[in-house]
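Here are my notes on the model you sent over. Have it open while you read, as the points jump around the chain a bit.

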Amino acid sequence: MPLNVEKAWNSMDCPRRVAVLGASGSIGGNALDVIRSSNGKLLADVLSVHSDIAKLVELAKIHHPSTVVITNEKADRSLLSELPKSTEILFGQDGLNAVVRRNEIDIVLLAIVGGAGLRSAWNALEAGKMVALANKESLVMGGSLIMELAQEKGGQILPVDSEHSAIYQCLLSRRFDCNSPFSSHKPRTWIVNEEVERLILTASGGPFRTWSRSELRRATVADALTHPTWNMGRKITIDSATMMNKALEIIEARWLFNVSSDKIQVVVHPESIVHSMVEFVDGAIIAQLSPPDMRLPIQLALYDVRRLQGTTRRLDWSQMTTFHFIPPDPERFPAISLGLEVAKVGGTAGVVVNAANEVAVDAFLNGRLSFDRITTACQKILENHQFEIKPTLERLFQLDAWARKETEIWISD
Ligand code: NAD
Ligand code: MG
């Protein structure tokens with residue numbers, strides 16, 4: 001076991017040093033809330049933002065990180081002088097690559113949005129770090145390579161996505177041999193293969209759950225950004241509206257839990273209380289429930305799946321509660337079948353779909369593409385690409401660039 005992982009496991013008394021990548025975002029903000037209320041058990045040692053230096057200055061004054069990273073080299077630097085004098089300032093992807101490998105970092109919280117997160121996931125895992133992973137896109141793009149790397153270097157991925165955190169918790173219900181704290185926290189592959197019948201991912205259904213196909217064609221940016229249960233960044237909010245978020249999560253689950261796509265099912269659950277479920281071969285289903293509050297999966301990941309008191313909201317069972325479970329509609333939300341297909345074929349399909357989706361979402365947000373054509377763009381670019389079963393990391397980056405260009409051309413045609 002690499003020294004830094006061992007140290008993280010054995011040192012709950014010491015502060016655990018966290019690198020918060022994507023600190024200015026929705027997950028970043030929730031993570032910093034968790035860190036602030038940890039009574040010194042967690043420490044934000046590194047903060048990264050892409051361009052929002054005003055926010056970085058505000059956060060640095062609260063958290064006193066040793067280092068900050070600004071990934072957009074063209075960001076306006078005029079406010080940097082307001083950072084505390086002792087703060088080291090790094091720039092660009094090189095800055096991120098360096099900080100995630102540092103010995104003093106116990107855990108990397110990867111809350112960067114989109115394919116831009118892949119390099120950091122790679123570097124952190126190559127250095128044998130624990131990665132609290134919110135950035136699902138990195139697993140969608142390179143799940144097979146990433147899981148192999150984590151295995152080889154002794155790094156560990158702790159899911160932050162609420163569905164995957166829920167599944168992780170459900171799988172931990174099958175934990176027998178808890179003597180070694182290291183092995184006890186890893187769901188074992190044999191449990192997933194032999195005892196698990198299926199993983200059931202829940203989906204809120206987004207703002208358009210009840211909209212007809214013709215209404216979906218007219219959906220505006222404002223409509224799509226109004227999520228009924230979660231308050232998130234713009235890209236994932238649009239992904240939730242198309243249900244491409246669930247497609248990405250199917251692919252994420254396929255790699256993270258090493259299950260085939262036919263063992264993954266999606267069910268719409270508009271209340272967002274049951275965060276996902278695992279059905280075992282004997283027919284028992286274990287579910288994880290809590291109010292929709294990302295601080296819970298974040299805290300669980302940062303504490304290595306230990307249960308500590310936190311500040312997250314509680315369910316109130318004295319109130320009348322009704323939960324609904326509805327099968328997704330493949331006609332109105334074709335993204336689900338697309339996600340299952342990509343999870344099934346693997347190879348280069350994930351990187352292409354992810355890139356096409358990022359470009360299409362951006363085009364929708366900028367008024368260049370109608371809502372219902374976002375998923376069509378992903379399907380078309382996937383069909384047009386030359387599939388490869390075992391790409392290298394560098395090949396993934398080449399295909400990412402290719403798919404982005406092709407999608408731009410498809411949109412402007
Ligand atoms: P967000 O848009 O609110 O924040 C994104 C963060 O990434 C910001 O700090 C931004 O500065 C940084 N960033 C943007 N572009 C970058 C680039 N090119 N290089 C480096 N940094 C960059 O997004 P979010 O909602 O916090 O989501 C972050 C990730 O977490 C996404 O992958 C999303 O799918 C996942 N996630 C989010 C939620 C949620 O509740 N928000 C839930 C589950 C998973
Ligand atoms: Mg999710």
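**Notes on the metal site, salt bridges and a helix**

1. K136 and D161 are both buried. Keep in mind that we're looking at a predicted model. The two side chains meet in a salt bridge, 3.0 Å from N to O. That pair links distant parts of the chain, with K136 in helix α6 (residues 136–153) and D161 in the loop between β7 and α7, 25 residues apart.

2. D161 also turns up at the metal. The magnesium ion (ligand 2) is coordinated by D161 and E163 plus E249, through OD of the Asp and OE of the two Glu residues, at 2.1 to 2.2 Å. Written as a sequence pattern, the donors run D-x1-E-x85-E. D161 sits in the loop between β7 (156–159) and α7 (162–171) while E249 belongs to helix α13 (residues 244–256), so this pair ties together parts that are 88 residues apart in sequence. Like D161, E249 is buried.

3. Which residues are linked with K136 and D161 in a network of salt bridges? They are E163, K246 and E249. Two of these, E163 and E249, are donors to the magnesium ion (ligand 2), so it's worth viewing the ion and the network together.

4. Across the whole structure, a search gives 26 salt bridges. One of another sort is R36 with D33, where the closest N and O atoms are 3.0 Å apart. Both belong to helix α2 (residues 26–36), and being three residues apart they are separated by about one helical turn. As for why that spacing suits a pairing, an α-helix has 3.6 residues a turn, so residues three or four places apart point the same way. R36 is partly exposed, at 49% relative accessible area, and D33 is partly exposed too, at 27%.

5. Helix α6 has a further link to show. E148 forms a salt bridge with K390, with 3.5 Å between the closest N and O atoms. E148 is in helix α6 and K390 in the loop between α17 (373–384) and α18 (393–412), so the pair links parts of the chain 242 residues apart. E148 counts as partly exposed at 41% relative accessibility, whereas K390, at 61%, counts as exposed.

6. Last, have a look at helix α5 (residues 118–126). Seven of its nine residues are buried, so the helix is largely enclosed by the rest of the structure. The buried ones are L118, S120, A121, W122, N123, A124 and L125. Just after α5 comes G128, with a positive phi of about 75°.

Methods:
Residues numbered from 1 in each chain as written. Chains lettered and ligands numbered in written order. Predicted model: local features only at pLDDT ≥ 70, side-chain atom pairs only at ≥ 80, totals over all residues. Heavy atoms only, no water. Buried < 20%, exposed > 50% of the residue type's maximum accessible area, 1.4 Å probe, protein only. Helix = DSSP H or I, 4+ residues; strand = E, 2+ residues; numbered from the N terminus. Donors = N, O, S within 2.8 Å, 3.2 Å for Na, K, Ca; no water. Salt bridge = Lys/Arg side-chain N within 4 Å of Asp/Glu carboxyl O.
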